[in-house]
Amino acid sequence: MVMVIRSALEGRAMNLKQLAAHLGLSQTTVSRALNGYPEVSEQTRIRVAEAARALNYSPNARAKGLATGRAMAIGHVIPISTQHEMVNPVFGDFIAGASEAYLKAGYDMTLSLSGDEDEADNYRRLKAKGHVDGIIVHGPKMADGRIPFLRGLDLPFVVHGRASELDIPYSWIDMNNTSAFKRATSFLLDLGHTRIALLNGLEFMDFAYRRRIGYEEALTDRGIAPDPALMRGEEMTEPFGYRAAAELLAAAHPPTAFLTSSLITAIGIRRAIHEAGLEMGRDVSVITHDDDLSYLANGRDMPIFTATRSSVREAGRLAAEMLLRHIAAPARDPETHLLEAQLIIGGSTGPAPKPT
């Protein structure tokens with residue numbers, strides 16, 4: 001399934017023919033000036049750009065594509081797997097950020113949904129038909145075959161995340177998952193918690209693997225052996241958070257704190273804490289990740305959850321800008337960008353309860 005999203009509505013703004021007539025230049029010269037062709041003088045380029053801004057000229061993506069030989073579209077191929085469902089609410093924030101960059105550059109966006117078996121065919125089809133100028137890769141696994149495949153396809157791409165088991169150059173943007181979860185675990189240890197449960201994503205996904213590493217490093221640094229019985233990894237849903245937390249809280253030696261990879265999962269943990277007759281932040285502490293979501297606020301004045309925060313929307317914007325640079329200069333060396341998360345203190349954490 002393929003869906004094309006326009007980056008801007010085509011209104012009644014001045015078109016290329018009218019702008020050229022106003023400037024007394026040919027349409028070809030104006031188009032080349034707007035698209036950075038080197039044979040156009042800097043004086044003409046500045047004159048055309050200033051007139052375009054003043055007269056509200058907005059290039060039609062199809063016309064701009066004809067002038068540049070590009071599709072003027074970016075592809076997002078979303079894996080729909082029996083093992084991992086990539087389409088989730090967090091994805092909407094990433095797309096919103098990427099769309100800001102596409103809008104500014106006059107690009108459209110193509111969303112394609114692919115199963116496990118036909119994802120490579122989807123990339124080949126997009127390349128062969130010239131439907132897109134580049135690809136954003138989502139949800140990388142630790143050994144992700146899409147990355148070497150796209151390198152061989154000679155189609156510009158940027159990965160949202162990394163693939164730990166691949167030692168080849170490629171462009172990516174990622175959050176420092178290891179550092180964020182090490183810091184969050186250390187914060188709980190500083191509060192006196194020693195039995196800290198990790199409710200993670202699926203650990204063949206690279207982000208989840210890196211988060212577990214950070215959690216384990218923080219425990220090991222304090223002389224605490226990581227306990228596999230306190231670790232769970234599934235799709236990051238509310239039912240998963242509720243079910244796993246309820247099971248762990250009912251154990252003979254329950255955790256006094258939870259660290260989770262998703263605000264949605266944290267909501268399930270809170271439900272389990274409440275049903276166990278306990279109070280979050282007093283009896284059981286919770287730290288979550290990804291609380292900076294436009295559709296689901298972590299409280300208004302005071303954060304409900306203590307959280308490691310990294311803007312998915314900002315990651316989308318930066319990834320799109322990175323890809324657009326590579327489309328403009330295909331010989332450009334791969335770029336990487338590692339984002340650091342903030343630790344936001346909310347009402348869901350407190351000192352470890354004293355043994356009774």
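Helices and strands are DSSP runs numbered from the N terminus, a helix holding at least four residues of type H or I and a strand at least two of type E. The legends below use this numbering for a predicted model.

**Figure 1. Surroundings of T265 in helix 11 of the predicted model.** T265 belongs to helix 11, which covers residues 263–275. Because its relative accessibility is 0%, below the 20% limit, T265 counts as buried. Apart from neighbours within four places in sequence, T265 makes contact with L199, M236, T237, F240, G241 and T260. One of these contacts, T260, reappears in the next view, where T260 stands opposite T288 of strand 10.

**Figure 2. Open sheet of six strands.** The strand order in this sheet is 8-7-9-10-11-13, and the pairing is mixed. The edges are taken by strand 8 (231–233) and strand 13 (342–344); each has a single partner strand, so one side of each lacks a neighbour in the sheet. On average, neighbouring strands of this sheet are turned by 15 degrees against each other, with direction ignored. Strand 9 (residues 257–260) and strand 10 (residues 285–289) run parallel and are joined by four bridges.

**Figure 3. Two helices lying across strands of the sheet.** Helix 9, formed by residues 206–221, lies across strand 7 (196–200), strand 8, strand 9 and strand 10. Relative to strand 7, helix 9 runs at about 170 degrees. Helix 10, formed by residues 238–249, lies across strand 7, strand 8 and strand 9. Its angle to strand 7 is about 155 degrees.

**Figure 4. Aromatic pair of Y123 and F149.** A pair of aromatic rings is described by the distance of the centres and the angle of the planes. The count for this model comes to one aromatic pair. Y123 and F149 form this pair, with 6.4 Å centre to centre and 40 degrees between the planes, and the arrangement is tilted. The pair links distant parts of the chain, as Y123 lies in helix 6 (residues 119–129) and F149 in helix 7, 26 residues apart. Y123 is buried, at a relative accessible area of 1%, whereas F149 is partly exposed, at 23%.

**Figure 5. Arginine side chains over aromatic rings.** Two such arrangements are presented together. R162 lies over the face of W172, at 4.6 Å from the ring centre. R271 lies over the face of Y242, at 3.7 Å from the ring centre. Y242 falls within the residue range of helix 10, 238–249, and R271 within that of helix 11, 263–275.

**Figure 6. Backbone of D154 in a loop.** Most residues other than glycine have a negative phi. D154 is not a glycine, yet its phi is positive, at about 60 degrees. The loop that holds D154 connects helix 7 (146–153) with strand 5 (157–160). D154 is exposed, because its relative accessible area of 60% is over the 50% limit.

**Figure 7. The whole chain as context for the close-up views.** Twelve helices and 13 strands make up the secondary structure of the chain. Of the 356 residues in the chain, 47% are buried. Among contacts with a separation of 6 or more, 69% involve residues 24 or more positions apart. The accessible surface comes to about 17,300 Å², and carbon and sulfur atoms account for 53% of this surface.

Methods: Residues are numbered from 1 along each chain as its sequence is written. This is a predicted model: local features need pLDDT of at least 70, side-chain atom pairs count only at pLDDT 80 or more; totals for chains, interfaces and linings use all residues. Side-chain values use heavy atoms; hydrogens and water are left out. Two strands pair if DSSP finds at least two bridges between them. Axes are lines fitted to C-alpha atoms, for helices over the stretch in contact, and angles run from 0 to 180 degrees between N-to-C directions. Contact means heavy atoms within 4.5 Å. Buried means under 20% relative accessible area, exposed over 50%, partly exposed in between (1.4 Å probe, protein chains only). Accessible areas come from the Shrake-Rupley method with a 1.4 Å probe; for residues, only the protein chains shown count as cover. Rings of Phe, Tyr and Trp (its six-membered ring) pair if their centres lie within 6.5 Å; planes under 30 degrees apart count as stacked, over 60 as edge-to-face and the rest as tilted. A charge sits over a ring if NZ of Lys or CZ of Arg is within 6 Å of the ring centre and within 35 degrees of the ring normal.
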